[in-house]
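These exercises go with the structure shown below. Try each task before reading its solution.

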Amino acid sequence: MSAGQLPRWVDFGLIPALNLIAAFFVSGLVVLLIGENPLEAVEILLWGSLGYGEGIGFTLFNATSFIFTGLAVAVAFHAGLFNIGGEGQAYVGGLGVAFACLALDRYVPWWVTLPFAVAGGALFGAAWALIPAWLQATRGSHIVITTIMFNFIGAALMGYLLVDVIAKPGSMQPETRTFEDGGRLPLLDNLIPGDFFGTSQVNLSLVIALICCFLVWALIWRTRLGYEIRTFGANPTAAVYAGISPVRITIVTMLISGAMAGLMAINEIMGAQHRLLIEFVAGYGFVGIAVALMGRAHPVGIVLAAILFGMLYQGGAELSFEKPAITRDMIIVIQGLVILFAGALEYMFRPALVQLFSFAGAPAGQAD
Amino acid sequence: MFETYLHTMILILDSTVRLSTPLLLACLAGLYSERSGIVDIGLEGKMLGAAFGAGAVGYMTGNAWLGLLAGIGVSIFLALLHGFASITNRGNQIVSGVAINFLAAGLTALLGQSWFRQGGRTPPLPKEGRFQDIELPFAEQVETVPVIGPIYSELLSGHNILVYLAFAAVPLTWWILFRTRFGLRLRAVGENPAAVDTAGISVVWLRYRAVIACGILCGVAGSYLSIAQSSGFIKDMTAGRGFIALAALIFAKWKPGNAMLACLLFGFLDAVAIRLQGQEIPGIGDVPVQFFQALPYILTVILLAGFIGKAIPPKASGVPYLKERT
């Protein structure tokens with residue numbers, strides 16, 4: 001075994017697990033620091049997120065949004081691009097979804113509105129990724145910086161629109177009017193018999209999210225475009241020699257990425273809130289980075305990571321209800337730690353493991 | 001007419017100076033880090049952590065200097081975390097920055113609520129826990145002198161010590177970067193770490209010193225917010241200033257003098273936006289306040305697009321350095 005080589009199950013299973021354990025261990029220390037019992041906190045968190053139907057419903061509702069923003073980051077990852085602008089793209093995507101719903105909700109049933117809302121969210125989200133993509137592709141300005149800038153520009157634009165332009169007439173709230181039934185996705189609870197999911201907001205978007213997972217998988221690993229994206233991501237110089245246009249790949253990939261982020265608004269706006277409101281993205285775009293990192297940019301991994309973060313959100317809400325000392329900010333701390341250990345400190349345990357495995361594998365190596 | 005015009009102008013410039021100060025400190029902080037090749041989008045988190053540390057200690061001890069020290073301490077700790085991830089572990093620097101922003105946002109609110117039980121803010125600081133405004137000598141005497149008088153006594157005098165410190169840090173940073181051996185090496189390690197390594201200088205130690213310098217300045221920037229500009233920490237009080245500082249750094253093309261001008265410009269935009277809130281600009285009409293909020297970012301994007309000069313980052317920025325094994 002050469003230096004640095006590890007079995008696949010270690011790279012894709014053990015290392016992420018160790019990173020996660022480290023993140024949760026430090027989270028436990030933080031809980032201790034504010035004078036609460038970490039084990040009790042874990043118990044409440046697990047029960048709150050998985051212990052009963054309604055909790056599971058909320059977990060899945062959160063997971064739906066994370067799948068979209070996670071896919072957005074992952075698609076760009078494959079082309080070697082770091083799209084940190086999911087937050088802004090989802091926010092502006094909300095505008096597209098809201099336009100479709102506001103225009104159609106009074107005239108047609110939801111299943112007629114849905115394709116327009118999906119198109120609107122994807123289109124607006126993609127549009128918000130277009131300028132950073134174009135600048136990266138043709139002017140060489142770094143996509144990380146431009147997408148950060150576009151998050152803030154998007155926030156300002158949406159703030160202006162919601163306060164001054166499209167707010168419900170006569171209302172001081174920065175939000176549109178509430179959609180009628182034609183602009184509301186059915187809740188899963190209403191689609192399946194029984195009352196399993198209770199009052200939770202998990203809705204048809206979950207199905208759309210899973211379809212998107214499949215489409216992304218098919219795109220990246222089963223199409224010519226996906227091959228080009230991966231080639232460009234692995235080695236941009238070689239890709240150019242293979243006749244792949246960097247400008248085209250950068251822009252197309254970022255448009256897909258932005259569209260995925262924009263679709264997150266389907267879940268929040270059309271699925272749950274039924275109106276466009278200020279700052280509805282609330283960090284989901286940024287957490288998409290963690291979801292994509294943990295999920296190793298693969299749709300299956302992303303679904304698992306999204307469920308984990310969905311559990312954190314729902315369980316954390318339950319936790320802050322049961323233990324007022326552990327406010328909802330604890331979720332942000334845990335997310336920060338997960339991003340730190342699973343992302344930035346990804347390779348911290350690797351040298352030790354390489355040593356361990358080369359030591360274990362040494363006798364076999366000497367035999368030949 | 002001229003008198004009132006001058007007075008309004010001085011008032012706007014005065015608040016420009018106050019609003020620019022935290023941007024300038026954070027921008028210079030980022031300058032050290034990025035010049036050494038470590039991209040830092042965690043300026044925001046470090047400032048927020050420092051603001052909380054300074055606010056909490058300033059409240060508990062009633063001593064502004066101890067507050068500042070605590071703020072710097074928190075910020076250096078976060079900077080070292082960033083260093084550990086991106087220098088020692090060669091992790092992704094963007095991801096590490098995002099993690100630090102999350103950690104700071106979560107921990108300050110969580111600990112703030114747990115310790116002070118006021119919704120994540122610290123209680124108002126006692127007078128001694130804050131940095132007070134300083135009257136420059138003769139400010140009162142020259143006040144009546146036309147034009148120069150008000151400029152000296154209102155615009156230049158009457159700020160707290162951190163403001164003067166921030167502006168003094170500009171020539172100091174220039175001198176360190178361009179006139180000292182450390183500065184030369186720091187710039188070299190951001191352009192070509194392999195060459196620095198070949199010269200027998202430790203890339204790792206140089207970069208760690210750069211992130212520590214970044215931590216110190218971010219610490220002052222955050223402390224300024226909680227114990228100089230306002231009297232106490234408020235949840236999420238940095239409100240994106242770390243990112244504006246990052247924009248300013250790019251806008252300044254990673255140069256100290258330009259950094260000051262960029263921060264003054266962005267501070268001026270902020271001051272004008274506050275001043276104009278709800279007022280009409282003659283000839284243009286009502287400009288939404290969000291436009292001014294977005295303007296620093298829009299300007300930076302235009303700059304990045306290469307329409308006003310070209311911003312070229314240090315060549316090795318964001319690339320972890322791996323010493324080749326023999």
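**Exercise 1. Two spans of chain B**

How far apart do the end C-alpha atoms of residues 66–87 of chain B lie, and what percentage of the span is helix?

Solution. The model is a predicted one. Start with the ends of the span: the C-alpha atoms there are 30 Å apart. Next take the secondary structure: residues 66–87 of chain B are 100% helix and 0% strand. Then turn to residues 210–227 of chain B, where the end C-alpha atoms lie 26 Å apart. That span, too, is 100% helix and 0% strand. Finally, consult the record: an unreviewed UniProt entry annotates residues 66–87 and 210–227 of chain B, among other spans, as "transmembrane region".

**Exercise 2. The build of chain A**

Describe chain A by its secondary structure, its dimensions and its contacts.

Solution. Begin with the elements: chain A has 15 helices and zero strands. The radius of gyration of chain A is 22 Å, and the globule rule gives 21 Å for 368 residues, so chain A is as compact as a globular protein of that length. Along the principal axes, the C-alpha trace of chain A spans about 80 × 60 × 40 Å. Of the 368 residues in chain A, 53% are buried. As for contacts in chain A with a separation of 6 or more, 76% of them join residues 24 or more positions apart.

**Exercise 3. The domains of chain A**

Find which elements of domain 1 of chain A touch domain 2 of chain A.

Solution. First set the bounds: domain 1 of chain A covers 1–36 + 325–359, and domain 2 covers 57–318. Their C-alpha centres lie 27 Å apart. Across the boundary, eleven residues of domain 1 of chain A are in contact with ten residues of domain 2 of chain A. On the domain 1 side, α1 (8–33) and α14 of chain A are the elements that give two or more residues. α14(A) gives the most, with eight residues. Sorted by class, this side of domain 1 has eight nonpolar, two polar and one charged residues.

**Exercise 4. Where the chains meet**

Which element of chain A gives the most residues to the side that touches chain B?

Solution. Count the contact first: 38 residues of chain A meet 37 residues of chain B. Then list the elements of chain A that each supply at least two residues to this side: α5 (110–139), α6 (143–165), α12 (284–294) and α14 (329–344). The most come from α6(A), with twelve residues. By class, the residues on this side of chain A are 27 nonpolar, seven polar and four charged.

**Exercise 5. One residue of helix α5**

Is A:F116 buried or partly exposed?

Solution. Place the residue first: A:F116 is in helix α5 of chain A. A:F116 has 17 other C-beta atoms within 10 Å, so A:F116 is partly exposed. Setting aside neighbours within four places in sequence, A:F116 is in contact with A:A100 and A:L104. By contrast, the C-alpha atoms of A:F116 and A:E43 are separated by 42 Å, with their positions 73 residues apart along the chain.

**Exercise 6. The largest nonpolar core**

Locate B:L25 in the largest nonpolar core and list the residues that B:L25 touches.

Solution. The largest nonpolar core has 226 residues, and B:L25 is one of those that touch the most other members. The core draws at least three residues from each of domain 1 and domain 2 of chain A. Not counting residues up to four places away in sequence, B:L25 touches B:A166, B:A169, B:L217, B:V220, B:A221 and B:Y224.

Definitions and conventions. Residues are numbered from 1 along each chain as its sequence is written. Chains are lettered from A and ligands numbered from 1 in the order in which they are written. This is a predicted model: local features need pLDDT of at least 70, side-chain atom pairs count only at pLDDT 80 or more; totals for chains, interfaces and linings use all residues. Two residues are in contact if their C-beta atoms, placed from the backbone, lie within 7 Å. Helices (H or I, at least four residues) and strands (E, at least two) are DSSP runs, numbered from the N terminus. Ala, Val, Leu, Ile, Met, Phe, Trp, Tyr, Cys and Pro count as nonpolar, Asp, Glu, Lys and Arg as charged, and the others, Gly among them, as polar. Domain bounds come from an automatic or database domain assignment. A nonpolar core is a set of buried Ala, Val, Leu, Ile, Met, Phe, Trp, Tyr and Cys residues joined through C-beta atoms within 7 Å. A residue is buried if 20 or more other C-beta atoms lie within 10 Å of its own, exposed if 12 or fewer, and partly exposed in between; C-beta atoms are placed from the backbone. UniProt positions are given in the numbering used here, feature names are shortened, and annotations may be inferred rather than shown by experiment. The radius of gyration is taken over C-alpha atoms; the globule rule is 2.2 Å times the number of residues to the power 0.38.
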